[in-house]
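Open the structure in your viewer and keep the selection tool at hand. The tour below goes stop by stop.

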Amino acid sequence: MNSITIQPAASVRGDIVVPGDKSISHRSIMLGAIATGVTTVRGFLRGEDNMSTMHAFRAMGVDIADDGETIQITGMGLHGLKEPGDVLDCGNSGTTIRLITGLLSGQSFFSVVTGDQYLRKRPMKRVVEPLSLMGARIAGRNNGTLAPLAINGGSLKGISYRSPVSSAQIKSSIMLAGLYADGETNVTEPSLSRDHSERMFRHFGASVETNGRGVTVRGGVELTAQEVTVPGDISSAAFFIVAALITPNSELLIKNVGVNPTRTGVIDILQAMGGDIQLVDPREVSGEPVADILVRSSRLKGTNISGSVVPRAIDEFPVICVAAARAEGVTTIRDARELRVKETDRITAMAVNLKRLGITVTETEDGMDIAGSEQLLGAAVDSCGDHRIAMSMSIAALVASSAITVADIGCVATSFPTFFPLLEKVALK
Ligand code: S3P
């Protein structure tokens, strides 16, 4: 198992660009594959998760060309996908398996989806249940709640579904099935989760209406191929935002980052903690807000995090925990039960790892309390096979009193293959 040892840094400085947004990259392949015409994608993230999506669609007969710069997807139209000859392996990617299960529910062929040891433990009932209500026949382990899932799709009817969790994966899975359903499909969630599907459906000419925390899709409308330019991933930028905030004498410009308001919870939280973060030159690209982000070292203070900001920052909690560990006072996180069913249980993983650095952390069922400290100790920590835990602990190392060794870092390639070289470039000794 690969590990890395990271030394403390004197400052974090420079201009960087982070790789393309993972969520938008997945959706560009999926919609491109079922549109009519050739979709061109620029800024696509070539991480392992997105490659899982790409391989799955190639296995259904879609021609996807990659010249190293742009991706070209020759769309098959709504009903042109072919029955795959083998199981579709979604690797570590929750977005791939949950969204594709929705799309496969609309196909009149048989398919099986699975993933790695982590994905096979993650809850699938959240999509199997609504898709079954629409008429899909889905079987799986543990009473249809765990992958592998076997899907017999076709003949769907629109439903009106109140999702018990704020989850873009649940919402998008149902929306994709909704493209194939009779009539209208409506999903409402407790708080608005990321709305990349809504925006990209619209970009491709689908019939989509949004209303607060609800979205309605009309079935049977053909999509038209588009040009998509994927902005930098704010979830990847977040590691470098926290790096520059907590390391003394730092100033970092992160260029071309997606700042969709359903994703900028991390900026709101870090600004509430006293972080000096400025959005520069805001603009819109392919229907998504984009800006450059300028960050300077800041004296952070503890804060209380709960409610509707939680889904807007859901992937950034591991690195927010690192900021909290360095802040003055206590940070409380609540309403974040979903963190327990991510790539690993991120509440326990961060509590265990931060305790190894000498930080006082108390877990609650739906969050944690973190007592910040001026001093983080050097230690050996473990990623638990979770990319964001690996990267967050690497950022903590920049301000520890001695080196931190992070074990099991291969997982970083799922979302941010260039993370370590980029960190090496900006973390000055
Ligand atoms: C994602 C939605 C979120 C997020 C994941 C990507 C998406 O998951 O954690 O990394 O692309 O739709 P949930 O919908 O399970 O919260």
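Start with the two domains. Colour domain 1 (3-20 + 231-428) and domain 2 (22-222) separately, then show the ligand. Each of these domains gives at least three residues to the shell around the ligand. Keep in mind that this is a predicted model.

Next, select the shell itself. Pick Ser-23, Arg-27, Thr-95, Arg-98, Ser-167, Ala-168, Gln-169, Arg-194, Ile-314, Asp-315 and Lys-342; these residues surround the ligand. Colour them by character. Five are charged, four are polar and two are nonpolar.

Now switch to cartoon view. Which helices each supply at least two residues of this shell? Select helix H1 (22-34), helix H3 (94-105) and helix H6 (168-178) to see them.

Go back to side chains and turn on distances. Begin at Ser-167. One of its polar side-chain atoms is 2.6 Å from a ligand oxygen. Move on to Asp-315. Here a polar side-chain atom lies 2.5 Å from an oxygen atom of the ligand. Then select Lys-342. An N or O atom of its side chain is 2.7 Å from a ligand oxygen.

How much of the ligand does the protein bury? On its own, the ligand exposes 380 Å², and the protein buries 95% of that. Display cavities if your viewer can. The ligand sits in the largest one.

Leave the ligand for two backbone stops. Select Ala-147 and Pro-148. The peptide bond between them is cis, with omega at about 0 degrees. Pro-148 belongs to strand S10 (residues 146-152).

Finish at Asn-142. What is the sign of its phi, positive or negative? The phi of Asn-142 is positive, about 50 degrees, although this residue is not a glycine. Asn-142 is found in helix H5 (residues 141-144).

Technical notes: Residues numbered from 1 in each chain as written. Predicted model: local features only at pLDDT ≥ 70, side-chain atom pairs only at ≥ 80, totals over all residues. Heavy atoms only, no water. Near = heavy atom within 4 Å. Polar contact = N/O pair within 3.5 Å; in protein donor to acceptor, adjacent residues only side chain to side chain. Areas by Shrake-Rupley, 256 points an atom, 1.4 Å probe, with all protein chains shown as cover. 1 Å grid on protein atoms, 1.4 Å probe; cavity = no way out; pocket = protein on both sides within 12 Å on 5 of 7 lines; lining within 4 Å. Sits in = over half its atoms within 2 Å of the grid points. Helix = DSSP H or I, 4+ residues; strand = E, 2+ residues; numbered from the N terminus. Nonpolar A, V, L, I, M, F, W, Y, C, P; charged D, E, K, R; others polar. Domains from an automatic or database assignment.
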